[in-house]
Structure formats: structure tokens, C-alpha cells
Amino acid sequence: MGHLGSAKAPIDISKKKAEERLEAAQQRLLRLRLLVGGQIGEQRIGPPLCVLFEGWDASGKGGAIKRLVTMIDPRHVRVSQFAAPTYDEKRHHFLQRFWQVLPGNGGMTVLDRSWYGRVLVERVENFATTEQWKRAYDEISEFERTLTAEGMILIKFWMHVSEEEQLRRFEDRANDPLRSWKLTDEDWRNRKKRPEYEAAVEAMLEKTDKPRARWKVIPGDSKPYARLAVVEHVCHVLENKLAKRGYDLGAADQTGNPHV
């Protein structure tokens, strides 16, 4: 299965139990976010936090992001989406367009798609030359090394769904007049190239999973599990990073639940 593994949830958890744990994790994250922002506790500005999402089409990125930020005051988090670069953006280095949305000290940014498009869609669709996307692995790793060396906490998610579950979600969207706009001809074309995309994802995970910026693959066939796993993982990483920097977290995890 390579680095992706199974798209099925590794634990058997009911939707009700998952939602209860999700709410508890959201409360934990809210407290941590206020702590990092200097609104509570020691009232010192903490490190920037950047959480980026990549994944298959219809893998649940939007739903996971919504649950991640839903309890956070909009003044304390920025959500940025990235599609194909514009004509003017193509005139610059591919990383240039991401700088302006990155968080500063005490800030939090969530990225819906990111600089990894260079080694995914741009690779598979031939929007970048072979030389460009092969070179991008080192460029991205050095970019992330620079950010984390300056103190940024960088969390990277790949939302993984099976081919069968993706098709079911595509068909659900196609039949729902309020969600059909989310499904495009390009989505169907990309689905036909899944083997090529899977090879690109495996290479991305292998070459850019570094101790300073780890990838977390989220089995996404179960939406309740995936949303819970995302929020709990962010809490877990943030707590560990802050503890190492001398923050007094107190009883940060009141749930008594293992991280999923």
C-alpha cells in the first residue's frame, strides 16, 4: 500500500461518539489557539501555526477545515484557498504566491491546497516540466526548513479516500443541485488518471516527509472519523511543540481519549 495505506478508519467508532470527541477536541484547540495568540495564560505571543491540506477530490478537505476552525474567532485564523496560478503568478517562482498568506507570530493560517500542487497536478498534467517538478522536492523542503527554523509549527495533511468512496461522493454531488457546482469535468478527468496521481502522491510523501514538517495521512472514507482525526492531531502536535518551548499547558487534554 506504500505510504498511503488504507482509506478505512483504523478504529470502529460510532458517529455519535466521534462527534462527542470532536467537540472536546475543538474546545482544546480553542484554548490552545488563545494561548498561542496571547489572549490567555502567560499572555505572550506564540509561534505561527500553519495547517495545510492536500488530498483527493471529494476527500473531505472542506469539511475537515470547517470543523478545525469552527470554534475559533475569525480574527484569529485565516483560511486561504489555492487553485491554478494566474497568468501573473506564473511569471514568478511557484512559491512566491504563498508567502503573503503565511501566518506571523501568534497567527494561524489554514491552506486549502498549497505549494504541493507543483509535484501533484502540475506534474501529472504537464503544467511543469520534468526538470521543474523534480527540482521542486528540494525547493519545497528547503522552504519548509526555513519556515520551521524561524519557529513556525507546520502541520501537513493528506486526505485519503478510496476509489469506490470517491465515486460515491462524486455521484452524490452530481445529484444534489446545491452541491453539483463542486463537481467539474476536470474532476472526472482527474479521476481517470488516479494511478498517475497516486504515484505522484507516494513520491511526495516519501521525499517531503521531514521531522520538522511531517505528513499525516488521514483515512477519509469515514467523514466523522476523518474530521475527528484532523482536529485531535492538530491539538496533539501543538501541545507537544508548545510544551517543548516552555509553555505551561496545564491539563491540556481533559478527554482521556487516545489520539486517533
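Trainee: What volume does the largest cavity have?
Mentor: The largest cavity has a volume of about 30 Å³. Please keep in mind that this is a predicted model.

Trainee: How many cavities of 30 Å³ or more does the structure hold?
Mentor: The structure holds 1 cavity of that volume or more.

Trainee: Which residues line the largest cavity?
Mentor: Its lining consists of Ser-59, Gly-60, Ala-64, Met-159, Arg-169, Gly-220, Lys-223, Ala-226 and Arg-227. By class, these divide into 3 nonpolar, 3 polar and 3 charged residues.

Trainee: And which helix gives the most to that lining?
Mentor: Helix H9, residues 223–244, gives the most, with 3 residues.

Trainee: Let us turn to pockets. What is the volume of the second largest pocket?
Mentor: The volume of the second largest pocket is about 220 Å³.

Trainee: How many residues line the second largest pocket, and which lie nearest its centre?
Mentor: There are 14 lining residues, and Gly-5, His-160, Ser-162, Glu-163 and Arg-194 lie nearest the centre.

Trainee: How do the lining residues of that pocket divide into nonpolar, polar and charged?
Mentor: The lining of the second largest pocket has 7 charged residues, 4 polar and 3 nonpolar.

Trainee: Which helices each supply at least two residues of that lining?
Mentor: Helix H6 (163–174) and helix H8 (194–208) each do so. The largest share comes from H8, with 3 residues.

Trainee: His-160 was named for the pocket, and it belongs to S4. How many residues of strand S4 are buried?
Mentor: Strand S4 covers residues 153–160, and 8 of its 8 residues are buried.

Trainee: Which residues of S4 point one way, and which the other?
Mentor: Ile-153, Ile-155, Phe-157 and Met-159 point one way, while Leu-154, Lys-156, Trp-158 and His-160 point the other way. Met-159 is also one of the residues that line the largest cavity.

Trainee: How many bridges join strand S1 to S4, and do they run parallel or antiparallel?
Mentor: Strand S1, residues 49–55, is joined to S4 by 7 bridges, and the two run parallel. Within this pairing, Cys-50 stands opposite Leu-154 in S4.

Trainee: How many bridges join S4 to strand S5?
Mentor: S4 and strand S5, residues 215–219, are joined by 5 bridges and also run parallel. Here Phe-157 stands opposite Lys-216 in S5.

Trainee: Back to Cys-50. How many disulfides does the structure hold?
Mentor: The structure holds 0 disulfides.

Trainee: Why is the sulfur of Cys-50 in no bond?
Mentor: The closest cysteine sulfur, in Cys-235, is 17 Å away, which is too far for a bond. A disulfide requires the two sulfur atoms to be within 2.5 Å.

Trainee: Are these cysteines buried or exposed?
Mentor: Cys-50 counts as buried, at 0% relative accessibility. Cys-235 is buried as well, with a relative accessible area of 0%.

Trainee: New topic: how many aromatic pairs does the structure hold?
Mentor: The structure holds 9 aromatic pairs. One of them is formed by Phe-82 and Phe-98, a tilted pair at 4.6 Å centre to centre with 55° between the planes.

Trainee: Where do Phe-82 and Phe-98 lie?
Mentor: Phe-82 is in the loop between strand S2 (78–81) and helix H3 (96–99), whereas Phe-98 is in helix H3, 16 residues apart. Both Phe-82 and Phe-98 are buried.

Trainee: Why is the pair of Phe-170 and Trp-188 edge-to-face?
Mentor: The ring centres of Phe-170 and Trp-188 are 5.1 Å apart and the planes are at 80°, so the pair is edge-to-face. Phe-170 lies in helix H6 and Trp-188 in helix H7 (residues 185–192), so the pair ties together parts that are 18 residues apart in sequence.

Trainee: Are Phe-170 and Trp-188 buried or exposed?
Mentor: Phe-170 counts as buried, at 1% relative accessibility. Trp-188 is partly exposed, with a relative accessible area of 32%.

Trainee: Which residues do ring pairs link into a cluster?
Mentor: The cluster consists of Phe-82, Phe-98, Trp-99, Trp-115 and Phe-143.

Key
Residues are numbered from 1 along each chain as its sequence is written. This is a predicted model: local features need pLDDT of at least 70, side-chain atom pairs count only at pLDDT 80 or more; totals for chains, interfaces and linings use all residues. Side-chain values use heavy atoms; hydrogens and water are left out. Buried means under 20% relative accessible area, exposed over 50%, partly exposed in between (1.4 Å probe, protein chains only). On a 1 Å grid over the protein atoms alone, a cavity is a set of points where a 1.4 Å probe fits but cannot get out, and a pocket is an open set with protein on both sides within 12 Å along at least five of seven lines; lining residues have an atom within 4 Å of a point. Grid points are joined across faces, edges and corners, and a volume is the space filled by probe spheres set on the points. Helices (H or I, at least four residues) and strands (E, at least two) are DSSP runs, numbered from the N terminus. Ala, Val, Leu, Ile, Met, Phe, Trp, Tyr, Cys and Pro count as nonpolar, Asp, Glu, Lys and Arg as charged, and the others, Gly among them, as polar. Two strands pair if DSSP finds at least two bridges between them. Rings of Phe, Tyr and Trp (its six-membered ring) pair if their centres lie within 6.5 Å; planes under 30 degrees apart count as stacked, over 60 as edge-to-face and the rest as tilted.
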